[in-house]
Amino acid sequence: MRYFPAFLDLAGRHCLVVGAGAVATPKVRLLLDAGALVTVVAPAANAAVRMLAQRGDITWRRRRFRGSDVAGRSLIYGTSGDAGVDESVSHAARCAGVPVCVVDRPALSSFVTPAIIDRDPIIVGVSSGGTAPALARRIRAAVEATLPPRIGVLARFADRFRSVVRTARPEAVARRRFWDEVFDGPIATRVLNGDDDGAFKAMLAAVNRRSGADRPPGSVAIVGAGPGAADLITLRALRLLQSADVVIHDRLVGADVLGYARRDAERLCVGKARGGRGWSQDAINERLAALAGEGKRVVRLKGGDPLVFGRGGEEAEYLRQRGIAVELIPGITAAAGCAAAAGIPLTHRGTARSVTFATGETADGDPTPDWADLARPGRTLVVYMGVANADAIAKRLLENGAEPATPVAVVENGTRPEQRVVTGRLDDLGRLVHEHAVAAPALIIVGEVVRLRAAAADRDESEANALRLAI
Ligand SMILES: C[S@@+](CC[C@H](N)C(=O)[O-])C[C@H]1O[C@@H](n2cnc3c(N)ncnc32)[C@H](O)[C@@H]1O
């Protein structure tokens, strides 16, 4: 994180804006909105700044900037656009230890101003660290669209009850659960719809009804994190992650997906690298049950879909047998994610009418794969956890009648920035994996559908060439 986000209390503080043109005006207004005492220094000013000065809202020093202007300031903006003045402002501010932002000159600035949504007291700031302000503005627009207009009223409403709820619910977990119920439920809806009286009465009843003595029951949500890319997670998974007390995750779950969890949520990695040591399934089950027993909201986060080679079913069964509430949240499984990211349809009219997900690793007690069935043409076979045994898998398929020339694709780190796709023939699969040093996580796709990726790539290339000629 290059810039540290913080919200400053500038009420009654002296702030300085150097320059009084079009760039200065929004900064002056922003500072006034925050309750700052604003001084503008500039030899000339635009109409807006002159008007604010005439009304007495700001002080305008009608002259050039002097180093001594920075004394006693809490925040400084340089907006003159004059390189020499900007540098002097930056130098003087830094020497005096005052935060300074010279607009569009990150090298001269010690802070950047984010794109802001102001639904006081709710303030949202979005920053690209000065790299792409237009992108930050788009993100602000997207966030703004999700915020109800009365969200600030809701925050003030909650504030009125904070101390009484703290007294009624001294336990932090129970208190957070209470607030989640308020914000997710009918009380918040009433506030947002403008029914302040109804909301007030319902809130009083809720506080009195729910005494701090009864601990809320815990729960476990077994959640699919998707195949890798952080934006391939579902909205429901996101909501649960954001309200979880504890996140128990596998090694396949990336740091960016985990970043959706609350900052103070406990996180525990129970996954193991292939062949390495990790938590036993029994230990995971017991930990999940124990945490839920403590009243915690637990998210058990698994790569892809929790019910596809993810042991989510076993965990759910264990917890249900102990009377613990379990929710299952699907995720995009690696087969779907990798196929799309590699440009391979899993089924295709006239090419493949069915798709089979198989595992390349089997545990004691698992049924033996029906190789003759898997080798049948006219279908797609997707093998999870198969790269270590790629050669043996290809041999079994060939022995059971698969065509040696059947196309195969191996997708490593599908949907992630470091994704690699290698393609070839089934009778060459082992060499392909070995020569390209394919590492887990990787998925093998076997079937005629793989040819469609090459066809699409050829088409894209000839279209690009045609475009180049046209230009
Ligand atoms: C234990 S399984 C978990 C599968 C997961 N539950 C799912 O639905 O995708 C792990 C295997 O999934 C596959 N896999 C998961 N994520 C992948 C990715 N991003 N790229 C390629 N393969 C992946 C690999 O075959 C890996 O060995």
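**Note on the predicted model**

1. Helix 1 (residues 24–33) packs against helix 2 (residues 47–54) at an angle of about 35°, and their axes are 9 Å apart. The crossing of helix 1 past helix 2 is left-handed. On the helix 1 side the contact is made by Ala24, Thr25 and Val28, which meet Ala48, Val49 and Leu52 of helix 2. Sorted by class, this contact of helix 1 with helix 2 has five nonpolar residues, one polar residue and no charged ones. These and the other values below come from a predicted model.

2. Overall layout. The protein chain contains 17 helices and 17 strands. Its radius of gyration is 30 Å, well over the 23 Å that the globule rule gives for 471 residues, so the chain is more spread out than a compact globule. Along the principal axes, the C-alpha atoms fill a box of roughly 90 × 75 × 40 Å.

3. Domains. According to the domain assignment, the chain divides into domain 1 (14–113), domain 2 (151–209), domain 3 (224–332) and domain 4 (335–456). Between the C-alpha centres of domain 1 and domain 3 the distance is 50 Å.

4. The sheet with strand 1. Five strands make an open sheet in the order 3-2-1-4-5, with parallel pairing. Why do strand 3 and strand 5 each have one side without a neighbour in the sheet? Strand 3 (58–61) and strand 5 (100–102) stand at the edges with a single partner strand each, so one side of each is left without a neighbour there. On average, and with direction ignored, neighbouring strands of this sheet are turned by 15° against each other.

5. Pairing and cover in that sheet. Strand 1 (residues 14–18) and strand 2 (residues 37–41) run parallel and are joined by five bridges. Within this pair, leucine 16 stands opposite threonine 39 of strand 2. Helix 3 (residues 83–96) lies across strand 1, strand 4 (75–78) and strand 5, and runs at about 170° to strand 5.

6. The sheet with strand 8. Here too the sheet is open and has five strands, in the order 10-9-11-8-12, and the pairing is parallel. Which strands are at the edges? They are strand 10 (266–269) and strand 12 (325–329), each of which pairs on one side only. Neighbouring strands of this sheet are turned against each other by 15° on average, direction ignored.

7. Pairing and cover in the sheet with strand 8. Four bridges hold the parallel pair formed by strand 9 (residues 246–249) and strand 11 (residues 297–302). Valine 246 has valine 298 of strand 11 opposite it. Helix 9 (residues 235–243) packs on the sheet and touches strand 8 (219–224), strand 9, strand 11 and strand 12; the direction of helix 9 makes about 135° with that of strand 8. Helix 11 (residues 281–293) lies across strand 8, strand 9 and strand 11, at about 155° to strand 11.

8. The hairpin. Strand 6 (residues 115–119) pairs with strand 7 (residues 122–126) in the antiparallel sense, over five bridges. A hairpin of two residues links strand 6 to strand 7. Which residue of strand 7 is the bridge partner of isoleucine 117? The partner is valine 124.

Terms used: Residues numbered from 1 in each chain as written. Predicted model: local features only at pLDDT ≥ 70, side-chain atom pairs only at ≥ 80, totals over all residues. Axes fitted to C-alpha atoms, helices over the stretch in contact; angles between N-to-C directions. Left-handed = near helix turned anticlockwise from the far one by under 90°. Contact = placed C-beta atoms within 7 Å. Nonpolar A, V, L, I, M, F, W, Y, C, P; charged D, E, K, R; others polar. Pairing = 2+ DSSP bridges. Domains from an automatic or database assignment. Rg over C-alpha atoms; globule rule 2.2 N^0.38 Å.
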